[in-house]
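Biologist: Can you walk me through this one? I'm new to reading structures, so keep it plain.

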2 protein chains.
Amino acid sequence: MDNPLIVRFRRQCHLDAADVDRIDYLCTDVRDVPRGVNLVREGERVERIHLILSGWAARYKLLPNGSRQITALLLPGDLCDLRCSMLARMDDGIVALTPIHVAFVPPDAITRLERTWPSIAHALSWYCLVEQATTRAWIVNMGRRHALERVAHLFCELSTRLAVVSDAPDQPPHFPLTQEEIADALGLTAVHVNRVLHELRRREFITSRRGGLTILDLPGLKEMAGFNDNYLHPAMAMPTEAALG
Amino acid sequence: MDNPLIVRFRRQCHLDAADVDRIDYLCTDVRDVPRGVNLVREGERVERIHLILSGWAARYKLLPNGSRQITALLLPGDLCDLRCSMLARMDDGIVALTPIHVAFVPPDAITRLERTWPSIAHALSWYCLVEQATTRAWIVNMGRRHALERVAHLFCELSTRLAVVSDAPDQPPHFPLTQEEIADALGLTAVHVNRVLHELRRREFITSRRGGLTILDLPGLKEMAGFNDNYLHPAMAMPTEAALG
DNA sequence: CGTAGGTTTGAGTCGGGTCAAGAAATGTGG
DNA sequence: CCACATTTCTTGACCCGACTCAAACCTACG
């Protein structure tokens, strides 16, 4: 299977065959992590960057009162903690939501590539930009949308991101998320997510089974959420000569 | 007055006198922008990075229904759109919340510094890391805290950030924010923010006047919000030799 | 002054939270 | 292959925090 990080990069940035090899070479140390295991725990010192190759993970933060907020859902091709080597301790944890394949990448290796190859530095800058834009889109979602549109918006985002790295692009998007995970990602309760999903099922926007759901009507969800995929920058945009030096 | 970006960098990263000069040299084109003016409007193509030298600004997004969500408050020393040159069009707007001084910096100049001087590249990586962590802290705040603690948490964050770049560190922190701006930053309504501020005033945590408020009891607010300043990384952390290459 | 932007307050509503109990899958060990 | 435990989902009744709408009130400023 193709390296999903490279698939994503090539959508946005010019990488030649040698660049691709250099990135591929980072993914030597690949491991299987079962569902529910923490790749990183809050407060730990971690000296490796994680690249999700398959499966889903979540970045989360626990509050003193025991509640959890998921701050990012991590799909294949997502890098976790690109700059972790600058931190004495991680600010938050990362859990596997499904069994996953992860590459453990030494931060120095990335720093070296970045410093040597402008095209790779450019790709990583792009990566940071999209990551930031996604995080901000979550703020907008939580701050200014009601539960129904909020859930719909998340599903649109995930469908769009998944489409880029999916091995089965013809299948309707499927999310291996429990209702509690959706709730923790959106600042809702699991009970209320249940009622929202019930409504979405009633309107035939989705189907759901224990531990996962499938999108039936993505255009419908997009309209409901007022979804605009700009912030994910799924379209092609090549670097200028100046930016590449 | 000292360049607030340099003040921030020197807290976290090693920069020698030459590095400082190089950064200072970026801030040649300084402009005054009155309150209420948009530095950037959503959908525009913008070919300059903004560095706030004094005053407050906000990054925001407007929704079709007319509501606004502020996704970041920008204080002196904050860079807006570090990677803007990679974008065909900005995903969101930036307004001056007070009269501000801004340096207009050409993206190429930063790219060149970054590529040439590892210590500056390191400082900018650090900057991105803290920016991301702050954005994620906002998600947690909006997702899992009630209005009172949510407001308190924002005030703690702003006090902490301001302390680093304040010209009057002995004065109690003062925020030139309207209640509507606070509401738009926190996913609340102005009416409800008014009631929360009333309560904070009653408990003598703050005082407020038209168009601004002052913190009286920061420790009290921190306790109320369960505030932990880790994510802002206000403490010193020097780069490793490896990271600097 | 007059006006516009900002603040304050009240009354009523509603979206989503809380609590609690039960049902349906899934997994585990004998 | 069955008995039992666990996780996840579902549903109902009730409640409360925050929103809405509306009116009045400041206060800075032109």
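Biologist: How far is the backbone N or O atom of A:Ala147 from a phosphate oxygen of DNA strand C?

Modeller: That distance is 2.9 Å. It is a polar contact, meaning a pair of N or O atoms within 3.5 Å; within protein, one must be able to donate a hydrogen and the other to accept it, and residues adjacent in sequence count only if both atoms are side-chain atoms. Before going on: this is a predicted model, local features need pLDDT of at least 70, side-chain atom pairs count only at pLDDT 80 or more, and totals for chains, interfaces and linings use all residues. Residues are numbered from 1 along each chain as its sequence is written, chains are lettered from A and ligands numbered from 1 in the order in which they are written, and side-chain values use heavy atoms, with hydrogens and water left out.

Biologist: OK. Which residues come nearest to DNA strand C?

Modeller: A:Ala147, A:Thr189, B:Arg35, B:Gln179 and B:Arg210, out of 19 residues around that strand. Near means that a heavy atom of the residue lies within 4 Å of the strand. Sugar and phosphate make up 65% of the atoms of DNA strand C that come within 4 Å of the protein.

Biologist: What does B:Asn194 do there, in terms of distance to a phosphate oxygen?

Modeller: A polar side-chain atom of B:Asn194 lies 2.9 Å from a phosphate oxygen of DNA strand C. B:Gly211 uses a polar backbone atom instead, at 3.3 Å from a phosphate oxygen of that strand.

Biologist: Which element gives the largest share of the surface near DNA strand C?

Modeller: Helix 7 of chain B, with five residues. Helix 7 (190-202) of chain A also gives two or more residues. Helices (H or I, at least four residues) and strands (E, at least two) are DSSP runs, numbered from the N terminus.

Biologist: Switching strands. Which residues come nearest to DNA strand D?

Modeller: A:Arg35, A:Gln179, A:Asn194, A:Arg210 and B:Ala147, again from 19 residues around the strand. Helix 7 of chain A gives the largest share of this surface, five residues.

Biologist: Where does A:Arg210 reach on DNA strand D?

Modeller: An N or O atom in the side chain of A:Arg210 is 2.3 Å from a base oxygen of DNA strand D. A:Arg195 has a polar side-chain atom 3.3 Å from a base nitrogen of DNA strand D. B:Ala147 goes to the backbone of the DNA: a polar backbone atom of B:Ala147 is 2.7 Å from a phosphate oxygen.

Biologist: Now the protein chains. How many residues does each of chain A and chain B put into the contact?

Modeller: 44 from chain A and 44 from chain B. Contact means heavy atoms within 4.5 Å. The two chains bury about 3,900 Å² between them, 62% of it on carbon and sulfur atoms. Buried area is the accessible area (1.4 Å probe) that two parts lose on being put together, summed over both. A:Met86, A:Ile139 and A:Arg144 supply 20% of the area that chain A buries against chain B.

Biologist: How many salt bridges are there between chain A and chain B?

Modeller: Four. One of them joins the side chains of A:Arg136 and B:Asp92, at 3.6 Å from N to O. A salt bridge is a side-chain nitrogen of Lys or Arg within 4 Å of a carboxyl oxygen of Asp or Glu. There are also 13 residue pairs in polar contact between the chains, both residues at pLDDT 80 or more.

Biologist: Which element of chain A gives the most to the side that touches chain B?

Modeller: Helix 4 of chain A, with 16 residues.
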